[in-house]
Structure formats: C-alpha cells, structure tokens
Amino acid sequence: MKKHNFSAGPCILPQEVLLKASESVMDFNGLGLSLLEISHRSKEFVEVMETARSLALELLDLQDKGYQALFLQGGASMEFLMVAYNLLENKAGYLNTGTWSDKAIKEAKNFGEVVEVGSSKDENFKYIPKGYTIPTDLDYLHLTSNNTIFGTQINKFPSVNAPLICDMSSDIFSRVIDFSQFDLIYAGAQKNMGPAGTTLVIVKEDILGKVSRQIPSMLDYKVHIEKNSMFNTPAVFPVYVSMLTLQWLKDMGGIAAIEEINNKKARLLYSEIDLSPVFEGFANKEDRSIMNATFNITDEKLKDTFEKMLKEGGINGLNGHRSVGGYRASMYNALSLDSVGVLVDIMSEMERKG
Ligand SMILES: *Cc1c(COP(=O)(O)O)cnc(C)c1O
C-alpha cells in the first residue's frame with residue numbers, strides 16, 4: 001500500500017510522474033534505449049533539457065523577461081556560495097530566518113561583507129522578522145522564502161534597490177507570487193520539483209558580470225547560460241523527472257491551481273492544530289508555512305500512542321527536524337488533500353483519547 005508521504009525532502013512526487021520515470025529507465029520514448037544510457041548531447045535529451053528550462057520559466061511567468069533557467073548540480077547548498085561568488089563585490093544583505101539562511105550567510109562571508117538585515121534567531125526562528133532596515137549600498141539582498149525546518153514562510157517580500165535573491169527550495173511552484181520581483185531564484189529539486197541531484201537556478205542575465213574576481217567555469221552562471229545548461233554532463237535523470245513534474249503541474253492548471261489545493265491542505269491541518277488541546281503549533285500564526293507545518297504534542301505521555309496510530313495509518317515522514325523537535329508535516333504539491341485528511345482524522349482521534 002502506498003503510504004501518505006509527509007517527508008520534508010526528498011519527498012513525494014506525483015504517482016504518474018514516478019510511473020513515466022520508471023518506464024524511461026527501461027525504454028525511453030520507444031528508442032530501445034534507457035534514458036540513463038543515451039548521450040546527453042543526443043537530440044532526445046537536449047529536448048528534455050530545453051523543455052524543462054522553458055516550462056520552469058513559463059510556470060513562473062518569467063518568459064521573455066530577461067531570465068534564464070539552469071539545471072545545475074551541487075544542491076541549493078552550492079548556490080549559497082555561487083550566488084556570492086558571482087554577485088558579491090563589497091557588501092550583501094541577508095535575512096536570517098533559519099538554518100538554511102544561516103548556512104547561506106556562512107558561505108557568503110568567504111567573499112565579502114555580510115550584513116544580517118534581520119534575524120529571528122532570538123526565538124528559534126519561529127517568526128519572520130519585519131520592519132527591518134535595508135542598507136542602500138548592497139550588492140544584493142538574500143532571502144529564504146520558506147523555512148523548511150521551522151515551518152515559516154515569507155508572505156510579503158521587501159522592496160529593495162539592489163538585486164533580490166531568493167532560496168525557494170521548499171516552496172517554488174507552490175503559490176502565485178510576482179516572481180519578476182526577484183533577480184535570482186534557486187531551488188534544490190528534491191522538495192517540490194523532482195528527485196535530488198539537480199538545482200533549478202533562474203537568473204536575470206543583466207545582474208551578472210559585475211564582480212571583478214575571476215570565477216571558475218563550473219561556478220560561473222554566465223558559462224552555464226552560454227552552454228544552455230550543458231557545460232558538463234547534466235544530471236539527466238533528475239532533470240527528466242523535474243520536466244515530468246513541471247509538465248504535470250502545467251497540465252493541472254499551473255501554480256494558481258495547485259495553490260488553491262495547497263491552501264486547502266494547510267487550512268485543514270492548521271485548524272486541527274489550533275482547535276485541538278492535544279497539539280500546539282510551533283511557528284507564529286501570521287508566518288506559518290503552507291508547505292511545512294510544525295507542531296508538537298502537549299502531553300508527552302500521548303506520544304507513543306500517537307506515533308503508533310501514525311504508523312498504522314500509513315503516515316510517513318512526520319518527525320520534526322532535530323533543531324525543533326515535535327512533528328513536521330510537509331505538504332508539497334504532490335501530496336493530496338486526502339492524505340492530509342487521513343492525518344487530521346488520526347489527530348482528532350488523539351483528541352478524544354487525550
Ligand atoms: C533543503 C533545503 C536546502 C538544502 O538543499 P540541498 O539541495 O540539500 O543543498 C536549502 N535551502 C532550503 C530552504 C531547503 O529547504
């Protein structure tokens with residue numbers, strides 16, 4: 001039986017995507033060859049790469065606006081340093097909203113001065129800082145739109161007179177925002193787009209080429225753009241599965257359609273968390289993420305019963321990150337409203353026991 005997969009990442013992918021992906025491993029598009037054994041320079045794979053790149057821009061409504069989409073390797077963690085390598089000459093601003101932004105800050109410090117414009121470290125990142133002052137002489141401002149570990153999400157993005165960079169690893173393609181307010185967006189595929197092994201980078205070309213340092217080819221966005229995201233052998237399978245997921249999303253009506261379902265899922269779960277005396281949310285209500293809901297059980301004695309019920313109900317991946325504890329329900333695009341319903345039923349049954 002297929003489990004209800006609330007894993008934070010790598011995580012759930014649409015069933016039909018998994019089916020097509022598995023077929024491609026045996027016989028790709030009737031070629032008599034596996035996707036894994038054809039040249040990445042073949043016409044068939046080049047078409048996969050180009051389709052994936054253009055679907056990403058199309059879904060984000062960034063076509064013909066000066067942006068390029070790249071599928072790189074090294075994860076979002078590689079982008080922590082690539083962003084700074086390519087863009088940080090003097091001073092960059094970072095909003096510190098949790099573990100991932102903290103790591104991005106650490107890497108950027110290798111390349112220049114880093115100003116933390118705001119931080120919610122004082123309360124273990126359970127809120128998004130607001131009303132902070134942004135210096136006027138920044139090379140760029142870096143944000144993390146969704147804090148996967150703490151379950152917070154930025155709703156209102158600041159306006160700034162410098163390039164705006166955003167790590168959207170765990171909420172890209174999940175909600176409608178004006179993506180053109182950003183100059184560079186990056187996301188590890190394994191949260192809302194595909195398998196681990198590739199990272200989507202969307203970059204506005206006119207912000208590049210402004211730093212004075214020499215950039216090694218593999219770390220230079222301009223090189224990857226020039227080579228159409230094929231400077232070296234790309235992660236063919238993760239790129240293909242990402243393409244299938246983007247196609248799936250387009251076919252179901254794009255980001256606006258999935259956002260509606262994502263909002264329903266989040267409302268269903270958060271209303272149970274808020275109504276039940278047995279559970280308590282971690283993140284401040286106004287900053288709650290629709291992707292990752294973090295919560296705890298109020299009576300430790302009920303923990304074993306709850307976890308047994310989760311197991312029996314086929315719920316996978318509900319353990320919270322070690323830095324927060326408790327539980328985390330990740331409700332990425334491919335997770336159905338029904339799966340959230342199953343979890344909420346178990347939670348309300350707990351309420352009767354509690
Ligand atoms: C998971 C995650 C990362 C790290 O991604 P890797 O691909 O493992 O390097 C970075 N940022 C956010 C917001 C994440 O959720």
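# Exercises on a predicted model

His4 sits in strand E1 (residues 4-5). Helices (H or I, at least four residues) and strands (E, at least two) are DSSP runs, numbered from the N terminus. This is a predicted model, where local features need pLDDT of at least 70, side-chain atom pairs count only at pLDDT 80 or more, and totals for chains, interfaces and linings use all residues. Residues are numbered from 1 along each chain as its sequence is written, and side-chain values use heavy atoms, with hydrogens and water left out.

## Exercise 1: His4

Task: decide whether His4 is buried or exposed, and list what it touches.

Solution.
- Step 1. Set the classes: buried is under 20% relative accessible area, exposed is over 50%, partly exposed is in between (1.4 Å probe, protein chains only).
- Step 2. His4 has a relative accessible area of 17%, so it is buried.
- Step 3. Take a contact as heavy atoms within 4.5 Å. Beyond four places in sequence, His4 touches Gly313, Gly314, Ile315, Asn316, Ser339 and Val342.

## Exercise 2: The ligand shell

Task: describe the residues around the ligand, then the polar contacts of Ala76, Ser77 and Gln190.

Solution.
- Step 1. A residue is near the ligand if one of its heavy atoms lies within 4 Å of it. The shell holds 13 residues, and Ser77, Thr148, Asp167, Gln190 and Lys191 come nearest.
- Step 2. Sort the shell by type: 3 nonpolar, 8 polar and 2 charged. Here Ala, Val, Leu, Ile, Met, Phe, Trp, Tyr, Cys and Pro count as nonpolar, Asp, Glu, Lys and Arg as charged, and the others, Gly among them, as polar.
- Step 3. Find the main contributor. Helix H3 (residues 75-87) gives the most, with 4 residues.
- Step 4. Look for pairs of N or O atoms within 3.5 Å. A polar side-chain atom of Ser77 is 2.6 Å from a ligand oxygen atom. For a polar side-chain atom of Gln190, the distance to a ligand oxygen atom is 2.9 Å. A polar backbone atom of Ala76 lies 3.0 Å from an oxygen atom of the ligand.
- Step 5. Check the cover. On its own the ligand has 390 Å² of accessible area (Shrake-Rupley method, 1.4 Å probe). The protein covers 88% of that area.

## Exercise 3: Thr148

Task: place Thr148 and classify its exposure.

Solution.
- Step 1. Thr148 lies in the loop between strand E6 (146-147) and strand E7 (152-153).
- Step 2. Its relative accessibility is 4%, so Thr148 counts as buried.
- Step 3. Beyond four places in sequence, Thr148 touches residues including Trp100, Lys191 and Arg328.

## Exercise 4: Nonpolar cores

Task: identify the largest nonpolar core and the helix that gives it the largest share.

Solution.
- Step 1. Build each core from buried Ala, Val, Leu, Ile, Met, Phe, Trp, Tyr and Cys residues joined through side-chain atoms within 4.5 Å.
- Step 2. The largest core has 55 residues; Phe45, Phe173, Leu200 and Ile202 have the most contacts inside it.
- Step 3. Helix H6 (residues 236-251) gives this core its largest share, 9 residues.
- Step 4. Another core lies apart from it, with 31 residues, among them Leu81, Ala84, Ala92 and Leu208.

## Exercise 5: Backbone geometry

Task: describe the peptide bond between Gly9 and Pro10, and the phi of Asp61.

Solution.
- Step 1. The bond joining Gly9 and Pro10 is cis, with omega about -10 degrees. Pro10 is in the loop between E1 and helix H1 (15-26).
- Step 2. Asp61 is not a glycine, yet its phi is positive, about 60 degrees.
- Step 3. Asp61 is in the loop between helix H2 (43-59) and strand E2 (67-72). With a relative accessible area of 54%, Asp61 is exposed.

Terms used. Polar contact = N/O pair within 3.5 Å; in protein donor to acceptor, adjacent residues only side chain to side chain.
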